[in-house]
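Me: I'm new to reading protein structures, and I'd like a close look at one part of this one. Could you pick out a short helix, walk me around it slowly, and then show me how it fits into the rest?

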Amino acid sequence: MDERDVRLLKAISDLGTGSPERLHEETDIPVSTIHYRLNNLREDGVIENDLYDLDHEALGLGVTVIVEVLADYEGPYEEFAEELLAVEGVTEAFFTMGETDFVVLARLSSSDTVERLISDFEAIPEVERTNSTFTISTLRDEPRAPATYDLDTLIEELTD
């Protein structure tokens, strides 16, 4: 990646769009160059999709629960993780080091559905214990990490 790629990725993150015209307005990079670079970034796996982001609260999934899962399983963690990922409402899951084996984030429609979520986790035989935390307020929910960085920092850290 070079500086132009980083500038494009930062603009995509800040604007929330991959529109070549909007990216040109933000970066002054020619539209034809933007098309070329976006295609290369897709081929390299840096840009994964062109999906729209959703506001979970506006959608009706405004209850966020963070669940720590302690488990006793055999075999690769990926196999066990598939069972966690199959639970409805799970939007993110992380395999962790330390006392907790997995941290799972779920988006739910109401506090009433939390009991169902925890019951679904505890129905998995390898789950020994869960520890759940309700979020009171979302302070940041940024799916695009570059939006949380200064452009100069990104260029310094990510360019060849």
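Reply: Let's begin with two words. Helices and strands here are DSSP runs, numbered from the N terminus: a helix needs at least four residues and a strand at least two. With that in hand, the chain has 7 helices and 4 strands. Please keep in mind that this is a predicted model.

The part to look at is helix α2, which covers residues 20–27. Which of its residues are buried? They are P20, L23 and T27. To call a residue buried, we ask for under 20% relative accessible area, while exposed means over 50% and partly exposed lies in between. Now imagine looking down the axis of α2: the buried residues fall within an arc of 60°, so they line one face of the helix. A general rule helps here: an α-helix has 3.6 residues a turn, so residues three or four places apart point the same way.

What lies over that face? The cover of the buried residues of α2 includes α1 (3–15) and α3 (31–43). We can meet each of these neighbours through a single residue.

Take A11 first, which sits in helix α1. With 3% relative accessibility, A11 counts as buried. Leaving out residues up to four places away in sequence, A11 touches G16, L23, E26 and T27. Two of those names, L23 and T27, should be familiar from the list of buried residues in α2.

Next comes H24, which is in α2 itself. Is H24 buried, exposed or partly exposed? Its relative accessibility is 32%, and H24 therefore counts as partly exposed. Beyond its neighbours within four places in sequence, H24 is in contact with I29, P30, V31 and I34. Looking back along the chain, H24 and L8 are 16 residues apart in sequence, and their C-alpha atoms are 8.9 Å apart in space.

Now step off the end of the helix. α2 is followed by D28, whose place is in the loop between α2 and α3. D28 has a positive phi of about 65° although it is not a glycine. D28 is also exposed, with a relative accessible area of 63%.

I29 lies in that loop too, between α2 and α3. Here the picture changes: at 3% relative accessibility, I29 counts as buried. Not counting residues up to four places away in sequence, I29 touches R4, L8, H24 and I34. The C-alpha atoms of I29 and L8 are separated by 8.5 Å, with their positions 21 residues apart along the chain.

On the other side of the loop, R37 lies in helix α3. You might wonder whether a charged residue like this one is out in the open, but R37 is buried, with a relative accessible area of 15%. Leaving aside its neighbours within four places in sequence, R37 is in contact with D2, R4, D5 and L8. R4 and L8 are also among the residues that I29 touches.

For a second example of a helix with a buried face, go further along the chain to α6, residues 114–122. Its buried residues are V114, L117, I118 and F121. Seen down the axis of α6, they fall within an arc of 90°, so they too line one face of the helix. The cover over them includes β1 (63–71), α5 (77–85), β2 (90–95), β3 (102–108) and β4 (127–134).

Finally, let's step back to the whole chain. From the N terminus on, its elements run α-α-α-α-β-α-β-β-α-β-α. The radius of gyration is 20 Å, well over the 15 Å that the globule rule gives for 160 residues, so the chain is more spread out than a compact globule. Along its principal axes, the C-alpha trace spans about 55 × 35 × 25 Å. To get a feel for that, take A11 and T130, which are 119 residues apart along the chain: their C-alpha atoms are separated by 39 Å. Of the 160 residues in the chain, 30% are buried. Among contacts between residues at least 6 apart in sequence, 64% join residues at least 24 apart. The chain also has 11 positive and 39 negative side chains, and the centres of these two sets lie 9 Å apart.

Terms used
Residues numbered from 1 in each chain as written. Predicted model: local features only at pLDDT ≥ 70, side-chain atom pairs only at ≥ 80, totals over all residues. Heavy atoms only, no water. Buried < 20%, exposed > 50% of the residue type's maximum accessible area, 1.4 Å probe, protein only. Arc of directions from axis to C-beta. Contact = heavy atoms within 4.5 Å. Rg over C-alpha atoms; globule rule 2.2 N^0.38 Å. Lys, Arg positive; Asp, Glu negative; His and termini not counted. Charge placed at Lys NZ, Arg CZ, Asp CG, Glu CD.
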